[in-house]
Amino acid sequence: MREDSRQGWSRREMLNVMAWTVFAGIAGTDVAGFGQAQSAEPQQSMDSLLPQGSQQLATLMDTLAKAPHRRDFKTVPMILTDPEMWDAQAIHDVLHYPGNPKMVWHNTDLEGPWLNLMRLTLNAQIWSFKHPNFLIVSVTHGSAALALFDEQAWTKYEFSKLTKNKVKRNTFIDIPAAAIANPADFQNPEGAYSAKATSIAVLQRRGVVFMACHDGIWGLAGHLHSKGHNPDRLSQPQLAADLTNHLIPGAILTPDVVAELVALERAGFAYAHS
């Protein structure tokens, strides 16, 4: 079940947290708070990777960091009916974002180019088209959704066996060395905005919002249950709850990401698929 302290973290997870603590300039943040259920995400300075003139985006990032993200579930139903069971406030804040332009990416292939495509889109919108408040939302579906679980879940449920090329661990949340290069040098081909700094962790610090799908989690729980990748012998509702509790920090839980596309497009988000 979910660890509510640093005790169950891997060494790599601790190093990642420590690296972002230094990189983002967190002041007075209790690192242990990363593992506490029913709490807002740690308040991190987003200035380091947000471009100049992105005040609206910075405000949204701060608002989302303070929104409640419940991660203390013991069991969840197949269909969510109560907003208390998903990140309703965070979704509301995204849908009412006043900045423009804004785009939703429907990402489905874990081992495809989805992260790099979003990086390239960000770079062009910010520096080519001069839209520093450009917002990307990733509705993360299919195998790509595996990237939104922490390494504890990857190890416990043997997610490597579910990937095409047997990806050994969740490298998609790593913090590349290039991410700590001087952000003022946005033309650096080995810097924070280059292909060498492409990861979920870096894109989050650039203002990309990742949405996770309850329906996908429920289906994954059913698959793991049927295949015996269930070391605690949980029921499907319990297993889905445990998976939900192991979403990465910053991921926004929605009842169904494809259904969420309707609301996002109605709110003015342009659609892209990868």
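This section describes the parallel sheet of a predicted model and the salt bridges found in it.

The sheet is open and is formed by 5 strands in the order 6-5-4-3-7, with parallel pairing. Strand 6 (252–254) and strand 7 occupy the edges, and each has a single partner strand, so one side of each lacks a neighbour in the sheet. From one strand to the next, the twist averages 25°. In general terms, the strands of a sheet pair through backbone hydrogen bonds, in either a parallel or an antiparallel sense.

Strand 3 (residues 102–107) pairs with strand 4 and with strand 7. With strand 4 (residues 135–140), the parallel pairing of strand 3 extends over 6 bridges, and within this pairing Met103 stands opposite Ile136. With strand 7 (residues 270–273), strand 3 pairs in the parallel sense over 4 bridges; here His273 of strand 7 is the bridge partner of His106. The connection from strand 3 to strand 4 involves helix 4 (residues 114–128), and the three elements make a right-handed β-α-β unit.

The burial of strand 3 follows from its residue accessibilities. Of the 6 residues in strand 3, 6 are buried, so the strand is largely enclosed by the rest of the structure. Side chains in a regular strand alternate between the two faces of the sheet. In strand 3, Lys102, Val104 and His106 point one way, whereas Met103, Trp105 and Asn107 point the other way, and all are buried. Burial thus applies to the residues pointing in either direction from strand 3.

Strand 4 is also joined to strand 5 (residues 209–213), to which it runs parallel, by 3 bridges. In this pairing Ser138 stands opposite Phe210 of strand 5. Helix 3 (residues 88–95) lies across strand 4, strand 5 and strand 6, and runs at about 100° to strand 6.

The loop between strand 2 and helix 3 contains Asp87. With a relative accessibility of 2%, Asp87 lies under the 20% limit and therefore counts as buried. The side chain of Asp87 meets that of Arg71 in a salt bridge, with an N to O distance of 2.9 Å. The two residues of this pair are 16 residues apart and link distant parts of the chain, although both Arg71 and Asp87 are placed in the loop between strand 2 (68–69) and helix 3. Arg71, like Asp87, is buried. A polar contact between the side chains of Asp87 and Arg71 is likewise found at 2.9 Å. Beyond its neighbours within four places in sequence, Asp87 is in contact with Pro68, His69, Arg70, Arg71, Ala251, Ile252 and Leu253.

In total, the structure holds 10 salt bridges. Side chains of opposite charge can pair when their charged atoms come close. One of the salt bridges is formed by Arg70 and Asp72, whose closest N and O atoms are 2.7 Å apart. Arg70 is partly exposed at a relative accessible area of 28%, and Asp72 also counts as partly exposed, at 32%. In a further salt bridge, Lys196 pairs with Glu190, the closest N and O atoms lying 3.2 Å apart. Glu190 has a relative accessibility of 48% and counts as partly exposed. Glu151, Arg169 and Asp174 are joined into one network by salt bridges that share partners.

Terms used:
Residues are numbered from 1 along each chain as its sequence is written. This is a predicted model: local features need pLDDT of at least 70, side-chain atom pairs count only at pLDDT 80 or more; totals for chains, interfaces and linings use all residues. Side-chain values use heavy atoms; hydrogens and water are left out. Buried means under 20% relative accessible area, exposed over 50%, partly exposed in between (1.4 Å probe, protein chains only). Two strands pair if DSSP finds at least two bridges between them. A crossover is right-handed if, with the strands pointing away from the viewer, the path from the first strand over the helix to the second runs clockwise. Axes are lines fitted to C-alpha atoms, for helices over the stretch in contact, and angles run from 0 to 180 degrees between N-to-C directions. Contact means heavy atoms within 4.5 Å. A salt bridge is a side-chain nitrogen of Lys or Arg within 4 Å of a carboxyl oxygen of Asp or Glu. A polar contact is a pair of N or O atoms within 3.5 Å; within protein, one must be able to donate a hydrogen and the other to accept it, and residues adjacent in sequence count only if both atoms are side-chain atoms.
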